[in-house]
Amino acid sequence: MITTVTLNTSVDRRYILKDICKDEIFRCEDYSYTPGGKGINVSRVLNQLNVKLTCLGFVGGFSGGFIEEQLKLLKIDTNFTKINGETRTCIGIIFEDGSQSEILEKGPEISKKEIDDFIEKYKAALEKSKIITISGSIPKGVSSDIYRHLIELANKMDVKVILDTSGYSLIDGIKASPYLIKPNKDELEAITKIKINSNNDIIRACKDLMNMGAKNIAVSLGKDGMIFFGNEGKFKVRIPKIKVLNTVGSGDSTVAGFALGLLKKSDIEDILKLANACGISNAMEKETGKINVSIVKDLIDSIEVFDIS
Ligand code: ADP
């Protein structure tokens, strides 16, 4: 089984508008509400890939109830920790010219008791899981080193962790040697302070991350595919050109592909093809955290993996 961890869940509200300005009322006919947070996207993609999974994290209030209800409708198993606060809402306003504005709530403060409840659920999940994915930011009230702690607990049980976060929580989490991290170019630059202009810069940055404790690093490069660096070898992934509709959630879809590949104990080349195919398929859909399984299968045949070690 795979367990996904999303500490900072959200309800993502998306409104499509022509324009917006002060002191006016805007009526909107094209809008949607979906459960959000990077790990929730990973969960949705795993579910489409027919993988048995459980979602862990914090949910509370009306928004938290909505997230649980929606995941239940998708037949996704959840074991969330209920909190007193209200789960945050993230509003995306998409204008007809393609530009976008976002309003992101800060989110609730998590109490000590709620964190302890979560850790108990996490320990129980480790007993049943082969792979854990940990995605996104850390909510208020939770110590910034929680990911390191979660990875250490998983390592003791020989459960592989994929960590997909940024900034301090990534730097700190790496210290516990997660099995795989998946920074994109910006995240890699931010944590290594190396300006990335070439594949050699990526390799140099990856070496630094290995020295910090990372075991395997998948640097996702949007339309330019991926560079993989780690114990399993060094590879460049070349991907086909596609018609892009929405790349939000492509990284999360990639994480889902990695999780399934690792669960199946596939060869690293096949894991890289599956992970990228999921990311590409998401980019071809309007909806975030959505793939088309038959397109994923077709894409796998058009992705090339080169050994660069
Ligand atoms: P993140 O969402 O974390 O920033 P990326 O944008 O690098 O991650 O996307 C993850 C993966 O999704 C890429 O490695 C690639 O396989 C696929 N992907 C993302 N954007 C595109 C795109 N514009 N065209 C084709 N594939 C894409």
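The paragraphs below lead through a predicted model, beginning with its strands and passing by way of the ligand to a helix and the cysteines.

A convenient place to start is strand β9, which spans residues 131-135 and is mostly covered, since five of its five residues are buried. The side chains of this strand fall into two sets: Ile 131, Thr 133 and Ser 135 point one way, while Ile 132 and Ile 134 point the other way, and all of them are buried. This is the pattern to keep in mind for strands in general, because in a regular strand the side chains alternate between the two faces of the sheet.

Strand β9 pairs with β1, made of residues 2-6, and these two strands run parallel and are joined by five bridges. Within that pairing, Ile 2 has Ile 131 of β9 as its bridge partner. Strand β9 also pairs with β10, residues 160-164, again in the parallel sense and over five bridges, and here Ser 135 stands opposite Asp 164 of β10. To pass from β9 to β10 the chain goes through helix α4, residues 146-156, and the β-α-β crossover formed in this way is right-handed.

Further along the chain lies strand β12, residues 216-220. Five of the five residues of β12 are buried, so this strand is largely enclosed by the rest of the structure. Asn 216, Ala 218 and Ser 220 point one way from β12, whereas Ile 217 and Val 219 point the other way, and all of these residues are buried. One pairing of β12 is with the strand β11, residues 180-181, to which it is joined by two bridges in a parallel arrangement; in this pairing Ile 181 stands opposite Ile 217. Another pairing is with β13, which runs antiparallel to β12 and is joined to it by five bridges, with Ala 218 standing opposite Phe 228 of β13. Strands β12 and β13 form a hairpin with five residues between them, and Gly 222, in the turn, has a positive phi of about 55°.

The loop between β12 and β13, the latter covering residues 226-230, also holds Gly 225. With a relative accessible area of 3%, Gly 225 counts as buried, because the cut-off for that class is under 20%. The C-alpha atom of Gly 225 is separated by 28 Å from that of Ile 138, a residue 87 positions away along the chain.

This hairpin leads on to the ligand. There are 17 residues around the ligand, and those that come nearest are Asn 184, Ser 220, Gly 222, Gly 225 and Asn 276. The contacts can be followed atom by atom: a side-chain N or O atom of Asn 184 is 2.8 Å from an oxygen atom of the ligand, whereas in Gly 225 a backbone N or O atom lies 2.9 Å from a ligand oxygen. For Asn 276, a polar atom of the side chain lies 2.9 Å from an oxygen atom of the ligand.

Another asparagine, Asn 246, is found in the loop between β14, residues 233-238, and helix α8. At 11% relative accessibility, Asn 246 counts as buried. The side chain of Asn 246 reaches the backbone nitrogen of Val 248 at 3.0 Å, and a polar atom of that side chain lies 2.7 Å from the backbone oxygen of Lys 286.

Helix α8 itself covers residues 250-263, and its 14 residues reach 20 Å from the first C-alpha to the last, close to the 20 Å expected at 1.5 Å a residue. Because 12 of its 14 residues are buried, α8 is largely enclosed by the rest of the structure; among the buried residues are Ser 250, Asp 252, Val 255, Phe 258 and Leu 262. An α-helix has 3.6 residues a turn, so residues three or four places apart point the same way. After α8 comes Lys 265, whose phi is positive, near 55°.

What, finally, of the cysteines and the number of disulfides? The structure holds zero disulfides. In the case of Cys 28, the closest cysteine sulfur is that of Cys 21, and the 15 Å between the two sulfurs is too far for a bond. Cys 28 counts as partly exposed, at 21% relative accessibility, whereas Cys 206, at 0%, counts as buried.

Key
Residues are numbered from 1 along each chain as its sequence is written. This is a predicted model: local features need pLDDT of at least 70, side-chain atom pairs count only at pLDDT 80 or more; totals for chains, interfaces and linings use all residues. Side-chain values use heavy atoms; hydrogens and water are left out. Helices (H or I, at least four residues) and strands (E, at least two) are DSSP runs, numbered from the N terminus. The expected span of a helix is 1.5 Å times one less than its number of residues. Buried means under 20% relative accessible area, exposed over 50%, partly exposed in between (1.4 Å probe, protein chains only). Two strands pair if DSSP finds at least two bridges between them. A crossover is right-handed if, with the strands pointing away from the viewer, the path from the first strand over the helix to the second runs clockwise. A disulfide is a pair of cysteine sulfur atoms within 2.5 Å. A residue is near a molecule or strand if one of its heavy atoms lies within 4 Å of it. A polar contact is a pair of N or O atoms within 3.5 Å; within protein, one must be able to donate a hydrogen and the other to accept it, and residues adjacent in sequence count only if both atoms are side-chain atoms.
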